[in-house]
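Colleague: I should like to go through this model with you, one feature at a time. Please give the reasoning along with each reply.

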Amino acid sequence: AGQARSRASAMAEDVPRTATLSGRGGICKALVKMRRFLFCCLVFFVFDMASVDPLSAFMYTLVVCPTPVPNSDGVCPRGSLLRDGACSPEAPGSEDWSLSPGCADRSYVVGVVTHLKGILKVVQDIAGIGVVAIAGPLTDSLGRKPMLLAACCSQVLFCVFVLVASCAHSADWGFLVALLALAYITCGASGSIFNPASSAMVADLSRGNERLRGDGYAVFGVMMYFGLLVAFGAMYPVLSSSLTDYTPMWAAFLVLGVCAVLLNACLLNETLMAPAGAHGGKTLAGRTTAIGRGITQLMLGFRAIWSEPFLRAVVPIFALGAMAQLSTLQLLGPYQVIVLGYDNARASIVGMVLPVLGLFTSAGASALIRKFGVNSLLLAMILSTACGSAIIGTGTFSSRPRAAEACFWLGMAVVAVSWSLVQPCQKTILSTRVELEHQGNVFASLQLLTSLLQISLGLLWPEVLFSSHAAGGRRGAIFFATSAVFAVCAMCFAFAWRVTSPPMEESSDGESSSDESETDCSQSSSCDEGR
């Protein structure tokens, strides 16, 4: 018995004190045990999302178009005023302001920026594919902390490129687009590094109690939505000011980004447990070897997915749904500006209201997973997301602006609640069916699939489905397409759930019964050894 206790004590010392969650768990306990990691996530999400709407507003100010001329009656087109016999753009902040000091046509401004962002998003996804090919393997070799810090450093580089573009706003359009492309590349690298590293760290932090893995991903979602709320709330005064020069704001972002990297470097602890005798990843040669094996290691993630019939069927479904949702989110701002007539500040309100719904829903995700089962809950939420998108699109058929606005907010509320439950369910399914040492590779593989779909199909949303000059129900095409994608995902997931016969049958708490039997067997073996 004494030898057994000594071995158990030695094993406990190998695990970081913040890396084991004991007891039955819950959101509060997970929040306490993961506090350093969750603070890093909160800083990342706040910094990442705080730049979304200001970046769009900044890009609007770069658009220049020919000055309109008054008609025979001396009346200028909407968005411009007659001054000294010529038409000039409305003043910033006015109801008909075009969002750009160099162009009076709001539809033209929004159309140019929307299509440019669609192209830049492809560039971002291509860069993300290149980064994710090595991010997952490096997450499992170098460790979680270095990769999370690398993601934060990418955010700093993003601010550098945008700041230079802001300072050179009067330069050639091609030069500005090149700087914005570099900014999007660093943004893609940041997300491709952060996603697998953070998901793997949640798996590490729930190592001592598999039941708490759902709690870990739920509280991770809480931090994401809380970060969204803080970010959009902080940026609302900036957007309501209708700025035409964003240089001071990007300079402040750069300073805050550097401070965030230094703070996270001090607070974060490494959670990856290297096997005994495996120290190659800590040396320069080991790191070079890890990078050289990046593609091979990423293939191990696909192999882990392919070896499990249920994952082999559902992972492409997860990637397809994420692609459709991300493509739609990219166009929420232009939709509100063109269809609902909002300005930049009012369009950003959706980023403050909806995270509140997602915040509370994420907090209850683990309880809902235990009550209904992770597969049942995920299927219901995929269908709910499809319904929410369809509600938004339906509002565009009405000739009354109030009806379109009401449908938009109702549909977005449904989507926010549903999507905030889809994400922890998907991560729970993946993490409970994959070995801990392959967690980073598997999440990186999912990120890679999503990026490939974004490149191949994601352009349909900004380039084909969205039009700044559309009318009637055609304006809701992006939402109808998203609803159709999620409906197909729901049918495919239900079919995969029933046909592939997953080896781990769900219990009432959302975890696998096989996990429980393994735990019981492990405990009985320990008792036998102790006796």
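Modeller: A residue is called buried when its relative accessible area is under 20%. The model under discussion is predicted. Arg 144 has a relative accessible area of 0%, and it is therefore buried.

Colleague: Which backbone oxygen does the side chain of Arg 144 reach?

Modeller: Arg 144 belongs to helix α6, which spans residues 144-167. Its side chain extends to a backbone oxygen at 2.9 Å, and the residue that carries this oxygen is Thr 139.

Colleague: Is Ser 431 buried or exposed?

Modeller: Ser 431 is part of helix α18 (residues 401-431), and its side chain reaches the backbone oxygen of Thr 428 at 3.3 Å. Its relative accessibility is 1%. The limit for burial is under 20%, so Ser 431 counts as buried.

Colleague: How is the aromatic pair of Phe 47 and Phe 253 classed?

Modeller: The structure holds 19 aromatic pairs, and this is one of them. The two ring centres are 5.6 Å apart, with 50° between the planes. Edge-to-face requires over 60 degrees and stacked requires under 30, with the rest counting as tilted. The pair of Phe 47 and Phe 253 is thus tilted.

Colleague: How many residues apart in sequence are the parts that this pair ties together?

Modeller: Phe 47 comes from helix α3 (residues 35-50), while Phe 253 comes from helix α9 (residues 247-267). Both Phe 47 and Phe 253 are buried. Because the two rings sit in these two helices, the pair ties together parts whose separation in sequence is 206 residues.

Colleague: What kind of pair do Phe 58 and Trp 250 form?

Modeller: Phe 58 is in helix α4 (residues 52-61) and Trp 250 in helix α9, so this pair ties together parts 192 residues apart in sequence. The ring centres are 6.4 Å apart and the planes meet at 75°. Since an angle over 60 degrees sets the class, the pair of Phe 58 and Trp 250 is edge-to-face.

Colleague: Which residues do ring pairs link into a cluster with Phe 58 and Trp 250?

Modeller: Phe 58 is buried at 2% relative accessibility, and Trp 250 is buried at 0%. Ring pairs link these two into a cluster whose other members are Phe 47, Phe 158, Tyr 246 and Phe 253.

Colleague: How many of the 10 residues of α4 are buried?

Modeller: The buried residues of α4 include Asp 53, Pro 54, Phe 58 and Thr 61. Helix α4 is largely enclosed by the rest of the structure, because its buried residues number 9 of 10.

Colleague: Which residue has its charged end over the ring of Trp 306?

Modeller: A charge counts as sitting over a ring when it is within 6 Å of the ring centre and within 35 degrees of the ring normal. In the case of Trp 306, the charged end lies 4.8 Å from the ring centre and belongs to Arg 312.

Colleague: At what distance from the ring centre of Trp 497 does Arg 498 lie?

Modeller: Here too an arginine is placed relative to a tryptophan ring. Arg 498 lies over the face of Trp 497, and its distance from the ring centre is 4.2 Å.

Colleague: What is the phi of Leu 99?

Modeller: Leu 99 is found in the loop between β2 (86-89) and α5, and at 1% relative accessibility it counts as buried. Its phi is positive in a residue other than glycine, with a value near 80°.

Colleague: Where is Ser 242 found?

Modeller: Ser 242 has a positive phi of about 50° although it is not a glycine. Its relative accessible area is 16%, so it is buried. Ser 242 is found in the loop between α8 (213-240) and α9.

Colleague: What separates the C-alpha atoms of Leu 377 and Leu 421?

Modeller: Leu 377 lies in helix α17 (residues 374-394) and is buried at 6% relative accessibility. Leu 421 is 44 residues away along the chain, and the two C-alpha atoms are separated by 8.0 Å.

Colleague: Which helix gives the most to the lining of the second largest cavity?

Modeller: The structure holds 8 cavities of 30 Å³ or more, and the second largest has a volume of about 150 Å³. Of its 14 lining residues, those closest to the centre are Lys 117, Gly 118, Lys 121, Gln 330 and Pro 462. The lining comprises 5 nonpolar, 6 polar and 3 charged residues. With 6 residues, the element that gives the most to this lining is helix α5 (residues 106-141).

Key: Residues are numbered from 1 along each chain as its sequence is written. This is a predicted model: local features need pLDDT of at least 70, side-chain atom pairs count only at pLDDT 80 or more; totals for chains, interfaces and linings use all residues. Side-chain values use heavy atoms; hydrogens and water are left out. On a 1 Å grid over the protein atoms alone, a cavity is a set of points where a 1.4 Å probe fits but cannot get out, and a pocket is an open set with protein on both sides within 12 Å along at least five of seven lines; lining residues have an atom within 4 Å of a point. Grid points are joined across faces, edges and corners, and a volume is the space filled by probe spheres set on the points. Helices (H or I, at least four residues) and strands (E, at least two) are DSSP runs, numbered from the N terminus. Ala, Val, Leu, Ile, Met, Phe, Trp, Tyr, Cys and Pro count as nonpolar, Asp, Glu, Lys and Arg as charged, and the others, Gly among them, as polar. Buried means under 20% relative accessible area, exposed over 50%, partly exposed in between (1.4 Å probe, protein chains only). A polar contact is a pair of N or O atoms within 3.5 Å; within protein, one must be able to donate a hydrogen and the other to accept it, and residues adjacent in sequence count only if both atoms are side-chain atoms. Rings of Phe, Tyr and Trp (its six-membered ring) pair if their centres lie within 6.5 Å; planes under 30 degrees apart count as stacked, over 60 as edge-to-face and the rest as tilted.
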